[in-house]
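Me: I would like a close look at a single part of this structure, the surroundings of the ligand. Please treat the backbone there as well.

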Amino acid sequence: MLSTPLGTTEVSPALINHNGYGRFLSSSGVSHFSLHHRRRHSPRFSISHTPSSKSVGACNASQIVDIFPAVSPEIVVREARLEDCWEVAETHCSSFFPGYSFPLDVVLRVDRLMAMVMGFSVPSGCQRTCLVAVIGSSVDETICIGSEDFKIGAFDAKISLNKGYVAGILTVDTVADYLPRKGPLRQRRTGIAYISNVAVRESFRRKGIAKRLIWKAEALAKNWGCRAIGLHCDLNNFGATKLYKDQGFRCIKIPDGAKWPQPKTSPDTRFNFMMKLVNNNNNTQALEQFM
Ligand SMILES: CC(=O)SCCNC(=O)CCNC(=O)[C@H](O)C(C)(C)COP(=O)(O)OP(=O)(O)OC[C@H]1O[C@@H](n2cnc3c(N)ncnc32)[C@H](O)[C@@H]1OP(=O)(O)O
């Protein structure tokens with residue numbers, strides 16, 4: 001368990017220690033390897049086996065998973081920091097726009113980065129946080145420069161000396177932009193957190209990363225005093241729909257004729273609006289009456 005200001009977060013069995021050394025089981029027994037960051041924004045690791053100490057060359061974090069499929073390196077879910085910006089943009093664009101190639105892919109990422117850092121102003125009294133699932137970072141979060149009280153966009157103005165590699169992202173907020181307004185004055189809804197931009201890099205999927213991002217978002221929502229969490233999921237996105245249903249989210253029937261807001265994507269995309277009560281996972285009836 002990892003202690004955070006929000007309580008504790010479960011981490012998978014530590015296969016990589018704080019210095020980047022770890023072990024895995026092979027047919028010949030336990031082998032050891034080391035992961036060393038070589039470049040800041042293009043994380044590459046050199047892997048050297050001991051006892052043979054034979055290097056198998058340089059590869060990136062996703063290739064490590066490919067080379068050692070049985071290894072699920074330690075994953076830590078935490079709030080994103082400024083240093084994660086580029087990888088967050090990259091994870092978002094490679095997941096939601098996988099078909100774009102150079103130079104459009106770079107333009108997309110830069111655009112996303114600018115939007116995240118400069119464009120996301122949060123109305124007063126509301127919260128917005130980007131969560132990241134990182135691989136190969138230190139569990140010891142004490143060596144950080146900056147402050148988590150000061151935010152730039154959805155990012156903590158903090159830099160750590162051992163950042164790790166971003167494999168998954170999720171944004172959670174209380175801005176309620178995509179929730180129906182309340183009353184004749186069309187007031188913004190309070191007490192409902194909203195999850196968006198859930199994405200996991202392709203080579204890290206089906207390892208429980210999205211699930212853990214959702215757990216952390218729920219913990220945050222609880223901490224903010226929210227009683228429910230909502231999200232929109234593309235009707236045709238069966239994998240994501242299953243993910244949310246398995247986590248206790250239920251599809252909410254939109255009343256006939258109601259014009260509830262929806263994420264701004266292509267006009268052809270149809271969404272399921274899904275919700276979960278933060279303190280009562282199975283109370284479907286309560287959810288249906290909620291709105
Ligand atoms: C609110 C929103 O943001 S909706 C947008 C969702 N994001 C996207 O569609 C972007 C592209 N897709 C992705 O990034 C990923 O595939 C995600 C985010 C949907 C899932 O991330 P993952 O880390 O792979 O999910 P995770 O491993 O936690 O899956 C947990 C469970 O969800 C279900 N699930 C997840 N993906 C799939 C899938 N493609 N097909 C079927 N079931 C799936 C499974 O039940 C899975 O458990 P299992 O692996 O034991 O069978």
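Me: How far is an oxygen atom of the ligand from an N or O atom in the side chain of Asp246?

Reply: In this predicted model, the distance between an N or O atom of the Asp246 side chain and an oxygen atom of the ligand is 3.2 Å. Two further polar contacts involve the backbone of the protein. A polar backbone atom of Val200 is 2.8 Å from a ligand oxygen, and a backbone N or O atom of Asn197 lies 3.4 Å from an oxygen atom of the ligand. Taken alone, the ligand has 970 Å² of accessible area, of which the protein covers 77%.

The site itself can be described next. The ligand sits in the largest pocket. Four elements each give two or more residues to the shell around the ligand: helix 2 (85-96), strand 12 (192-200), helix 4 (209-223) and helix 5 (238-246). The shell comprises 23 residues, and the closest to the ligand are Val198, Val200, Arg206, Gly208 and Asn237. By residue class, ten members of the shell are nonpolar, seven are polar and six are charged.

Asn197 merits attention for its backbone as well as for its contact with the ligand. Asn197 belongs to strand 12, one of the elements that contribute to the shell. Although Asn197 is not a glycine, its phi is positive, at about 50 degrees. Most residues other than glycine have a negative phi. The relative accessibility of Asn197 is 22%, so this residue counts as partly exposed; the category begins at 20%, below which a residue would be buried.

A positive phi of about 50 degrees is also found at Arg186, again a residue that is not a glycine. Arg186 is placed in the loop between strand 11 (165-173) and strand 12. Because its relative accessible area is 55%, Arg186 is classed as exposed, the threshold for that class being over 50%.

One further backbone feature lies in the loop that follows helix 2. Pro103 is located in the loop between helix 2 and helix 3 (104-119). The peptide bond that joins Phe102 and Pro103 is cis, with omega about 5 degrees. In general, most peptide bonds are trans.

To return to the ligand, its oxygen contacts described here involve the side chain of Asp246 and the backbone of Val200 and of Asn197.

Definitions and conventions
Residues are numbered from 1 along each chain as its sequence is written. This is a predicted model: local features need pLDDT of at least 70, side-chain atom pairs count only at pLDDT 80 or more; totals for chains, interfaces and linings use all residues. Side-chain values use heavy atoms; hydrogens and water are left out. A residue is near a molecule or strand if one of its heavy atoms lies within 4 Å of it. A polar contact is a pair of N or O atoms within 3.5 Å; within protein, one must be able to donate a hydrogen and the other to accept it, and residues adjacent in sequence count only if both atoms are side-chain atoms. Accessible areas come from the Shrake-Rupley method with a 1.4 Å probe; for residues, only the protein chains shown count as cover. On a 1 Å grid over the protein atoms alone, a cavity is a set of points where a 1.4 Å probe fits but cannot get out, and a pocket is an open set with protein on both sides within 12 Å along at least five of seven lines; lining residues have an atom within 4 Å of a point. A molecule sits in a cavity or pocket if more than half of its atoms lie within 2 Å of its grid points. Ala, Val, Leu, Ile, Met, Phe, Trp, Tyr, Cys and Pro count as nonpolar, Asp, Glu, Lys and Arg as charged, and the others, Gly among them, as polar. Buried means under 20% relative accessible area, exposed over 50%, partly exposed in between (1.4 Å probe, protein chains only).
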